[in-house]
Amino acid sequence: MLKAVILIGGPQKGTRFRPLSFEVPKPLFPVAGVPMLQHHIEACAKVPNMKEILLIGFYQPNEELTRFLLNAQQEFKISIRYLQEYAALGTGGGIYHFRDQIVSGGPEAFFVLNADVCSAFPLKEMLSFQKEHGEPNSFVILGTTANRKQSMNYGCIVENEQTNEVLHYVEKPSTFVSDIINCGIYLFNPDIFQHIGTVFQKNQQDMLLEEPTNGWHRAEAIRLEQDIFTALAGQGKLYVYKTLSFWSQIKSAGSAIYASRLYLNQYHTTHPERLASNMEGGPKIKLRGGYHVSIVGWDSTIGKWARVEGTPSDPNPNDPYAKIDSETLFRDGKLTPSITILGCNVTIPSEVIILNSIVLPHKDLNRSFKNQIIL
């Protein structure tokens, strides 16, 4: 029996998604026509013997999340539950805090997926790989290849090329370590909790020496990447399965556009019914190179002959290993040219140009704007 855990973070984690995350929690933002999380759940539900999917995060339970879970349970015919952390506990602390819920029923293994990635989710392939590599209780990280410069923005993995064992793991190194990067998708078994428990106990001892007021929370805040993988590397316990299929982070609104394109491309084989088609008497769909990007929030209106344009932040199309850059909002004191985002309920008048700008919700604009945040 298998389970899956999806780490959905919390309100302060979606700051690069503003103003869109004001209206909907980031994990439920639509990517390729469905909530971001639905892609993860669909992939998990397809794995044979998958019995339960747990979402872990520190969002207050809300109507949107509850409705989404009910609909997903009905659609995928699988138990899906939300477990709320009392504070942000990190990628390792969250699963350790709820370890009893994860191991109840006796799963032999469980997946852990970060919510803010888009992927073909080769989960069945990871299971087959785990059976063929290392001891029965080894752990698997999904990896992919990045270019040298961008690899330093991710967790970097040095592998044994014959066995695929992880020999060395460094999170966001300051110099080049490896072009194999961590995709934020893992296959564990319950043994992982012994390793996290060791870090928890060490943290507790350190806290006792310092006598802080919130020691329990700080002891429980554990990061899989820096605290667990770095220590496990080179011990014959941790392996990397490298995927050749698509993968990208979804850290900002610009990367959500790129993720949508990756998923829409996949829909030709997985979900052709979700794609619009040319029909007699209907609009004609034409694909063209070179495009300007914007996200228009809910209930916004754009006047006649107005132009709302932005600069896409896609990876370099000429580099097969290029990834999307983590955009910074400002560079050299100026707003970085990026996609244009209109929050909800924004009104754009006729015959103006809104270029590379971010417009917060409930704004009535009366002129053109370029490279601005309109508060």
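Helix α5, residues 123–132 of this predicted model, has a buried set made up of Leu123, Met126, Leu127, Phe129 and Gln130. These residues lie on the same side of α5, because they cover an arc of only 165° around the axis. On the other side of α5, Lys131 and Glu132 are exposed. The buried residues of α5 pack against one helix and several strands: α1 (36–45), β1 (2–9), β6 (109–114), β8 (139–145), β11 (180–188) and β12 (238–242).

One of those partners, α1, can be followed further. Of the 10 residues of α1, 9 are buried, so α1 is largely enclosed by the rest of the structure. The buried residues are Met36, Leu37, Gln38, His39, His40, Ile41, Glu42, Ala43 and Cys44.

Helix α1 also has a helical neighbour. Two packed helices are described by the angle between their axes and the distance between the axes. For α1 and helix α2 (residues 63–76), the axes come within 11 Å and cross at roughly 30°. With angles under 35 degrees counting as roughly parallel, that makes α1 roughly parallel to α2. The crossing of the two helices is right-handed. On the α1 side, the residues that meet α2 are Leu37, Gln38, Ile41, Glu42 and Ala45. Their counterparts in α2 are Phe68, Ala72, Glu75 and Phe76.

From the helices the path leads to strand β4 (residues 50–57), where Glu52 lies. Glu52 has a relative accessible area of 10% and is buried, since the cut-off for buried is under 20%. The side chain of Glu52 is joined to the side chain of Arg81 by a polar contact of 2.8 Å. Arg81 also appears among the residues that Glu52 touches beyond four places away in sequence; the others are Leu2, Lys3, Ala4, Ile78, Ser79 and Gln101.

Further along the chain, Thr340 sits in strand β19 (residues 340–342). Its relative accessible area is 0%, so Thr340 is buried. The side chain of Thr340 has polar atoms placed by the backbone of two other residues. A polar atom of this side chain lies 2.5 Å from the backbone oxygen of Glu309, and the side chain reaches the backbone nitrogen of Asn356 at 2.9 Å. Both Glu309 and Asn356 are in the contact list of Thr340, which leaves aside neighbours within four places in sequence. That list also holds Val293, Ser294, Ile295, Val308, Gly310, Ile354, Leu355 and Ser357.

Past β19 comes a loop that leads to β20 (347–348), and Cys344 is placed in this loop. Cys344 counts as buried, at 8% relative accessibility. Leu360 is 16 residues away from Cys344 in sequence, and the two are 7.7 Å apart in space, C-alpha to C-alpha. Leaving aside neighbours within four places in sequence, the contacts of Cys344 are with Glu23, Gly297, Trp298, Ser300, Pro361 and His362.

These parts can now be placed in the whole. The protein has 10 helices and 24 strands. Of its 375 residues, 51% are buried. Among contacts between residues at least 6 apart in sequence, 71% join residues at least 24 apart.

Terms used
Residues are numbered from 1 along each chain as its sequence is written. This is a predicted model: local features need pLDDT of at least 70, side-chain atom pairs count only at pLDDT 80 or more; totals for chains, interfaces and linings use all residues. Side-chain values use heavy atoms; hydrogens and water are left out. Buried means under 20% relative accessible area, exposed over 50%, partly exposed in between (1.4 Å probe, protein chains only). Helices (H or I, at least four residues) and strands (E, at least two) are DSSP runs, numbered from the N terminus. The arc is that of the directions from the helix axis to the C-beta atoms. Contact means heavy atoms within 4.5 Å. A polar contact is a pair of N or O atoms within 3.5 Å; within protein, one must be able to donate a hydrogen and the other to accept it, and residues adjacent in sequence count only if both atoms are side-chain atoms. Axes are lines fitted to C-alpha atoms, for helices over the stretch in contact, and angles run from 0 to 180 degrees between N-to-C directions. Angles under 35 degrees count as roughly parallel, over 145 as roughly antiparallel, 65 to 115 as roughly perpendicular and the rest as oblique. A crossing is left-handed if the near helix is turned anticlockwise from the far one by less than a right angle, and right-handed if clockwise.
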